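Grab a pencil and have the viewer open. Try each exercise yourself before you read its solution.

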Amino acid sequence: MPIKSLLTLVLLLSAAITFSRPSCAQTAINTNAVVNTKAAVNTKAYEGADVAERRLQVGAAQFDEYLPLLEGKRVTLVVNQSSIIEGSGVEGSTIKSPAVKSSAVKNSTEPTHLVDVLLSRDINVVSIMSPEHGFRGKAGAGEKIDNDVDAKTGLPIHSLYGKTKKPTDDMLANTDILVFDIQDVGLRFYTYLSTLHYVLEAAAQAHIPVIVLDRPNPNGAFTDGPILQPDYVSFVGMHAIPVLHGMTLGELALMIVGEQWIATDASDAKQPAQQYQSKPQTLQSKPLQSQPHQPKPQAQALLTVIPVANYHKQMPYSLPVAPSPNLPTDAAITLYPTLCFFEGTDVSVGRGTPLPFQLIGHPVVALGDESIGVAANQAAPSPKHNNTTLKASLMTQALVSGLDIEVLLSAYAQFKEQGITFFTRPDFFDKLAGTDSLRQAIIAGKTSKQIQASWAEGLATFKQLRAPYLLYPLTASELPSEGKGGVNTINMKAETHHE
């Protein structure tokens, strides 16, 4: 076994991960199951993605797996408009949001918000925490969110976007357990991941258990882009992972804790950049099937991930609710990995138009043949090139998926030819990329193949590092016959690693 893989196993063991069956009874770690997500399969049951998709079940819908953990507890929910359950049997919803347009077959039963579902089952929900865009998902990008009270339930809503991004002691004073259920889109710079980081960190420091109800990654088939470097850590990039990481938030929660990327002791609050320090190169010569190391009882907080049932990473997944105001369609979510980089340039990505993140345009540089007006709206209160007409290219016709560097190179070349500044926000562009090397390569005239080749080594190392934390196979043929991942728990250690 390569040293890197063996190191990963040892680190995983030291993080004290244990797995249980759907009965929630904990068992000793099965390292083979952790490292190799492939299992014996009933291939006939999963011959097509459509069959698997009809049977897909998000973590929040698997009540038997997590409701017993909430009984008799004071529960705080970290949720937004995406935290819905289809076919829950509860009438009415706390939140209404525009559905993502899709040709996929949807459950005809009215979807219900997790808040309503838990209250209907007599779970003692005491408060709500909301990420960027707010509890109802209506605030524009970057718009500060204030604390509030939910009009329907009377529950207090604590904002985790604005002055406070990490839950405070006061927010957690009346909480026995935290439940995180938010739909992600699979990008390092999509800030729900950063909110998850701070929730895990605050919970570990307060010794409060966390349950992550997992949801699919609509860009889960792709792993691409530069690895974030220490000098570019920010709220739009906190972890040493690529732009497209190919993981769900449940998998990333396991990785964040297992790799000790959070400060689990409030008196030893490390900065996110410290995760880049090398782990001690010490290997233990004990059998892999031995009992994992257990942290001190008073220094533990428990993370439980409820995986998505019948899900694989190549599966097309149409989101039933828009995850944020400017990602209203499947096309926008698919184009987002590429088009978000234009936020650091003078190019509009359609904010303030009917097609946000579905076009690129500029008032002077003709990036396409369409003429589309820009006007401020609720989703984009201050859009780029407001009250102008864009010469735009509709990207929905380009079939772009994953990360397409050619789109950036072509636009830069057109700006350069006309002598117009392209990188109007170079620092922000570098934060999105997690490095200045992408911007410098574009300026230097590097080809897309040369640029992507420069990421190869980092991506290979990342894939090795993430392997023990993956909960889902890459294809439908790798799904287990029951299609369930079971419940995954991990003890969050209170001590941190240092050189």
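Below are three short exercises on ring pairs, salt bridges and burial.

Before you start: this is a predicted model, where local features need pLDDT of at least 70, side-chain atom pairs count only at pLDDT 80 or more, and totals for chains, interfaces and linings use all residues. Residues are numbered from 1 along each chain as its sequence is written, and side-chain values use heavy atoms, with hydrogens and water left out.

**Exercise 1. Work out how the rings of Tyr-311 and Tyr-472 are arranged.**

Step 1: Get the rule straight. Rings of Phe, Tyr and Trp (its six-membered ring) pair if their centres lie within 6.5 Å; planes under 30 degrees apart are stacked, over 60 edge-to-face, and the rest tilted.

Step 2: Apply it. The two ring centres are 4.9 Å apart and the planes sit at 75 degrees, so this pair is edge-to-face.

Step 3: Place the residues. Tyr-311 is in the loop between strand E10 and helix H9, while Tyr-472 is in the loop between helix H14 and strand E14, 161 residues apart. Helices (H or I, at least four residues) and strands (E, at least two) are DSSP runs, numbered from the N terminus.

Step 4: Check burial. Both Tyr-311 and Tyr-472 are buried, that is, under 20% relative accessible area (exposed is over 50%, partly exposed in between; 1.4 Å probe, protein chains only).

**Exercise 2. Find what the salt bridge between Arg-74 and Asp-176 ties together.**

Step 1: Recall the cut-off. A salt bridge needs a side-chain nitrogen of Lys or Arg within 4 Å of a carboxyl oxygen of Asp or Glu.

Step 2: Look at the distance. Arg-74 and Asp-176 meet at 2.9 Å, N to O, and the structure holds 6 salt bridges.

Step 3: Trace the chain. Arg-74 lies in strand E2 and Asp-176 in the loop between helix H6 and strand E8, so the bridge ties together parts 102 residues apart in sequence.

Step 4: Check the surface. Arg-74 counts as partly exposed at 31% relative accessibility, and Asp-176 counts as partly exposed too, at 26%.

**Exercise 3. Decide whether Lys-166 and Glu-201 are buried or partly exposed.**

Step 1: Confirm the pairing. Their side chains meet in a salt bridge at 3.1 Å, N to O.

Step 2: Locate the partners. Lys-166 is in the loop between strand E7 and H6, and Glu-201 is in helix H7, 35 residues apart.

Step 3: Read off accessibility. Lys-166 has 24%, so it counts as partly exposed; Glu-201 has 8%, so it counts as buried.
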